[in-house]
Amino acid sequence: MGQCGITSSKTVLVFLNLIFWAAAGILCYVGAYVFITYDDYDHFFEDIYTLIPAIIIIAVGTLLFIIGLIGCCATVRESRCGLATFVIILLLVFVTEVIVVVLGYVYRAKVENEVNRSIQKVYDEYNGTNTDAPSRAIDYVQRQLHCCGIHNFSDWRNTRWFNESRNNSVPVSCCKPSAASCTGSLSRPGDLYQEGCEALVVKKMKDIMMHVIWAALTFAAIQMLGMLCACVVLCRRGRDPAYELLVTGGTYA
């Protein structure tokens, strides 16, 4: 009965280490996605610490590659030192992922205040040229999120660019794709996106933070199972030094 339990634990542990490698790739992808998205929306945030959860999750993903290698080698060789190291590292990563979850919730709550505080300034700096970073950021956001202005397209009336251009129009990035002849003129409001960008930017960034939180929670749960299986192998090995090895059945430890 004990032999069956230890063999099952080792089999699950080897399988979990393969999952750790896959998880490492997924976590690095999630972290990189947050970085890329932040680069597109960074003008709407003054606090770069919003990126801390993404930085941590990329570091965790990188570490999981190493953990998977250590775990596989330690499980196959049934090294007490290797398995103990594996459990300790998993515990540290587990704690780190809990921190990611907490920071994710903290910064998710701060997103709305960050956007509210900076979006008006970004729109005021718009000059309509592709060489200007704030202008590129606003045009990108309006096209990607299908929005116009802060709360709606009429907000453009209060910007310096609108007053200087004096053509009673908004940027063409406000035009709907279906309106082929749209020039941004306010005389044809049906050609323009009706929803403002502020709420959509907040929603986008909150959704991204939620992806980070769920990724950290999911792999934290998998790591708990990995630690449990490694502890079972360690405990049984200490009590019964004559059980079969997973790979070289019949050989005694």
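Hi everyone. A definition to begin with: when I call a residue buried, I mean that its relative accessible area is under 20%. Keep that in mind, and please also remember that we are looking at a predicted model.

Let's start with the overall layout. The chain has six helices and zero strands, so to speak an α-α-α-α-α-α order when you read from the N terminus. Of its 253 residues, 45% count as buried. How do the contacts spread along the sequence? Among contacts between residues at least 6 apart, 72% join residues at least 24 apart.

Now, what does the record say? An unreviewed UniProt entry lists residues 12–36, 48–71, 83–107 and 212–235 under "transmembrane region". Take residues 83–107 in our model: that span is 100% helix and 0% strand, and its end C-alpha atoms lie 36 Å apart.

That brings us to α3, which runs over 80–124. With 45 residues at 1.5 Å a residue, α3 should span 66 Å, and its end C-alpha atoms are 63 Å apart, which agrees. There is still a bend to look for on your screen: α3 has a kink of about 35 degrees, centred on Lys-110.

Next, α4, covering 133–145. Its 13 residues should span 18 Å at 1.5 Å a residue, and the end C-alpha atoms are indeed 18 Å apart. Which residues of α4 are buried? They are Pro-134, Ser-135, Ala-137, Ile-138, Asp-139, Val-141, Gln-142 and Leu-145. Here is a general reminder for looking at any such list: an α-helix has 3.6 residues a turn, so residues three or four places apart point the same way. Just after α4 comes His-146, with a positive phi near 55 degrees.

Let's go inside. The largest nonpolar core has 68 residues, and those touching the most other members are Phe-44, Leu-64, Tyr-123, Val-141, Trp-156, Leu-192 and Val-201. Each of α1, α2, α3, α4, α5 and α6 supplies at least two residues of this core. Which helix gives the largest share? That is α6, with 18 residues.

One of those well-connected core members deserves a closer look: Trp-156. Setting aside neighbours within four places in sequence, its contacts include Tyr-123, Tyr-126, Ile-138, Gln-142, Trp-161 and Cys-174.

Some of those names come back when we turn to aromatic rings. A search of the whole structure finds four aromatic pairs. In one of them, the ring centres of Tyr-126 and Trp-156 are 5.0 Å apart and the planes meet at 70 degrees, so this pair is edge-to-face. Tyr-126 sits in the loop between α3 and α4, while Trp-156 sits in the loop between α4 and α5, so the pair links parts of the chain 30 residues apart. Tyr-126 also pairs edge-to-face with Trp-161, at 5.5 Å centre to centre and 85 degrees between the planes. Trp-161 belongs to helix α5, and here the partners are 35 residues apart.

Are these rings buried or exposed? Tyr-126 counts as buried because its relative accessibility is 4%, below the 20% cut-off. Trp-156 is buried too, and so is Trp-161, with a relative accessible area of 15%. Put Tyr-123 beside Tyr-126, Trp-156 and Trp-161, and you have one aromatic cluster.

If you rotate the model afterwards, try finding that cluster of Tyr-123, Tyr-126, Trp-156 and Trp-161. Thanks for listening!

Terms used
Residues numbered from 1 in each chain as written. Predicted model: local features only at pLDDT ≥ 70, side-chain atom pairs only at ≥ 80, totals over all residues. Heavy atoms only, no water. Core = buried A, V, L, I, M, F, W, Y, C linked by side-chain atoms within 4.5 Å. Buried < 20%, exposed > 50% of the residue type's maximum accessible area, 1.4 Å probe, protein only. Helix = DSSP H or I, 4+ residues; strand = E, 2+ residues; numbered from the N terminus. Contact = heavy atoms within 4.5 Å. UniProt positions renumbered as here; feature names shortened; annotations may be inferred. Expected span 1.5 Å × (residues − 1). Bend = angle between axes of the 7 residues up to and from the residue. Phe/Tyr/Trp six-rings, centres within 6.5 Å; stacked < 30°, edge-to-face > 60°.
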